[in-house]
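Biologist: I'm new to this one. Could you put it on the screen and talk me through it?

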Amino acid sequence: MEADLMESLTLDGNAVAGFLEEIFGAEMTASPSQCASCGYAGYLGTLLVYLHAPGVVLRCPQCKGIVLRIVKTPRAVYLDARGVECIRITLRG
Amino acid sequence: MVWQLATVRAVRQETPRVKTITLELPGWSPHRPGQHYDIRLTAPDGYQAQRSYSIASEPERVGEIDLTVEWIENGEVSSYLHDVVALDDRLEVRGPIGGYFVWTAEMGGPLLLVGGGSGVVPLMAMLRHRAAVGSSVPARLLYSSRTPEDVIYAAELERLSRQPGGVEVFHTLTRSQPPGWKGYARRIDRAMLAEVLQPLGMQAQAFICGPTLLVENVADHLVQLGLPPSNIRTERFGPTGGPS
C-alpha cells in the first residue's frame, strides 16, 4: 500500500520544468541526459521526480539512482550533478 | 519567463470533478501543444502554493488559454480553482513551459495519443491545434476513463472524429459502461494497443499522458510491439491532476 502510494506520487521532469528553467535559464526537459550509474540515456523530462522530497530530486527511471539534486534557498542554489554524465543547456539564439 | 496576472474570463464544468478555466493573459504568447502554465497562489500570510496545469487550448486562440483542472481531494490549488475562483478574478501564472512533451503539426506523424483520466488535457491541445491548422496527419486517440460521466470533452471529441480527416477516437471505460456500449471496457493492455496502433504503423509518434503506472505500462507495451523508444514521449500526471 505504501509502495503503491509512492508509485502514484511519482512524477517526471515535466513537473518541475518551470523550476529547472528558473535555475538553468533555459528549457531543460528536452535536454538529453545520461545516468552516471547505469548509462540510461533519455531526456530530462523523463527523469522521475518525487512530490514530497526536500528540494528537487530527479532520479533515473531505469536504475532509480539520483541523477540531479537541486536545493534552492533564498540566497543560493545548490546543485549536485554527480549522477549525470553531462548537462546540456541550450543557449538562446 | 515571468509571472503575470491573468484574468478569469470563463469557467466551464466539463465533468462532475473537472472544470475548464479560461484565462486572458496580458503577456500571452503562442504555446506549443503539450506545454503548461504554472499557477501560483499567495495566502494573506504570505504562504505560497504552486502547481502546473497543461494548456488545453490550441495556440491559434490568441490572447487566452484554457486550463482544464481536475478537483483533487485535499488538493491545495485544485480546490481553490474549483471552489473559489470566479469570473474576473486574477491569478498569477507563468509560462508557457516545456519542450519535451510537445507536438506541433509541422512535426508530422502519424500520431498515437494515449491518455488516462485528466492526462487527456495536453493531448486535447494537440488535437485542437491539429484541427485548427487543417493538418491531415493521421491521428488516433486511445482514452481511458472510469465511467461515461468521467469522459472529458466527450462531445467535442465526437465532433472532431466526424470531420473529414478527423482524429479517430477510441474510448475504454474501465469501471462502468452505458447500455449497448461497443467500445473497450477494460484497462489498456497490449492487445488493445496493438489494435489501435496497427494502421498507424511503426513510424507513429506516440504521446502518453496520465497516471504514472498507466504511462509506464503503455510505454513498455508499445516498445514490445516494436515502436522505437525514440518515437515515444511521456508525461506523468499525479494525484494533483496536473504535471505537478
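Modeller: Sure, and one term before we start: two strands count as paired if DSSP finds at least two bridges between them. Keep in mind that what you see is a predicted model.

Biologist: Let's use that term, then. How many residues lie between β3(B) and β4(B) in their hairpin?

Modeller: The two strands do meet that cut-off, because at least two bridges are needed and seven bridges join β3(B) to β4(B). They run antiparallel, and in one of the bridges Tyr37(B) has Tyr53(B) in β4(B) as its partner. In the turn, Gly46(B) has a positive phi of about 95°. The number of residues between the strands is five.

Biologist: Arg40(B) is in that area too. Is Arg40(B) buried, exposed or partly exposed?

Modeller: Arg40(B) belongs to strand β3 of chain B. A residue needs 20 or more C-beta neighbours within 10 Å to be buried, and 12 or fewer make it exposed. Arg40(B) has 15 inside 10 Å, so it counts as partly exposed.

Biologist: And how far is Arg40(B) from Trp3(B) in space, C-alpha to C-alpha?

Modeller: Leaving out residues up to four places away in sequence, Arg40(B) touches Trp3(B), Gln48(B), Gln50(B) and Glu92(B). Along the sequence, Arg40(B) and Trp3(B) are 37 residues apart. In space, C-alpha to C-alpha, their separation is 8.8 Å.

Biologist: Now the helix in chain B, residues 76-83. Within what arc do the buried residues of α1(B) fall?

Modeller: The buried residues in α1 of chain B are Val77(B), Ser78(B) and Leu81(B). Looking down the axis, you'd find that they line one face of the helix, because they fall within a limited arc. What covers them includes β2 (18-24), β3 (36-42), β4 (48-54) and β5 (64-70) of chain B. The arc is 100°.

Biologist: Let's zoom out. Which elements give two or more residues to the side of domain 1 of chain B that touches domain 2 of chain B?

Modeller: Chain B splits into domain 1 (3-97) and domain 2 (105-237), with C-alpha centres 24 Å apart. Their contact takes 15 residues from domain 1 of chain B and 13 residues from domain 2 of chain B. On the domain 1 side, the classes are six nonpolar, five polar and four charged residues. The elements you're after are β1 (3-15) and β5 of chain B.

Biologist: What about the two chains? Which element supplies the largest share of the side of chain B that touches chain A?

Modeller: That contact takes 19 residues from chain B and 19 residues from chain A. On the chain B side, β6 (90-97), α5 (212-224) and β11 (232-237) each supply at least two residues, and the classes are eight nonpolar, seven polar and four charged residues. The largest share is three residues, and it comes from β11(B).

Biologist: Over to chain A. How many strands are there in chain A?

Modeller: Chain A has 93 residues, and 38% of them count as buried. From the N terminus on, its elements run α-β-α-β-β-β-β-β-β. Alongside two helices, the number of strands is seven.

Biologist: Which strands stand at the edges of the open sheet in chain A?

Modeller: Five strands make up this sheet, in the order β1-β4-β5-β6-β7 with antiparallel pairing, and the twist averages 25° from one strand to the next. Inside that order, β4 (residues 48-50) and β5 (residues 56-59) of chain A pair over two bridges, and Leu48(A) stands opposite Arg59(A) in β5(A). An edge strand has a single partner, so one side of it is left without a neighbour in the sheet. Those strands are β1 (10-12) and β7 (77-80) of chain A.

Biologist: Last one: is Pro32(A) buried or exposed?

Modeller: Pro32(A) sits in strand β2 (residues 32-34) of chain A and touches Ala41(A), Tyr43(A) and Arg88(A), leaving out residues up to four places away in sequence. Its C-alpha is 9.5 Å from that of Ile89(A), which is 57 residues apart from Pro32(A) along the chain. As for neighbours, 12 or fewer C-beta atoms within 10 Å make a residue exposed. Pro32(A) has 12 inside 10 Å, so it counts as exposed.

Methods: Residues numbered from 1 in each chain as written. Chains lettered and ligands numbered in written order. Predicted model: local features only at pLDDT ≥ 70, side-chain atom pairs only at ≥ 80, totals over all residues. Helix = DSSP H or I, 4+ residues; strand = E, 2+ residues; numbered from the N terminus. Arc of directions from axis to C-beta. Contact = placed C-beta atoms within 7 Å. Domains from an automatic or database assignment. Nonpolar A, V, L, I, M, F, W, Y, C, P; charged D, E, K, R; others polar. Axes fitted to C-alpha atoms, helices over the stretch in contact; angles between N-to-C directions.
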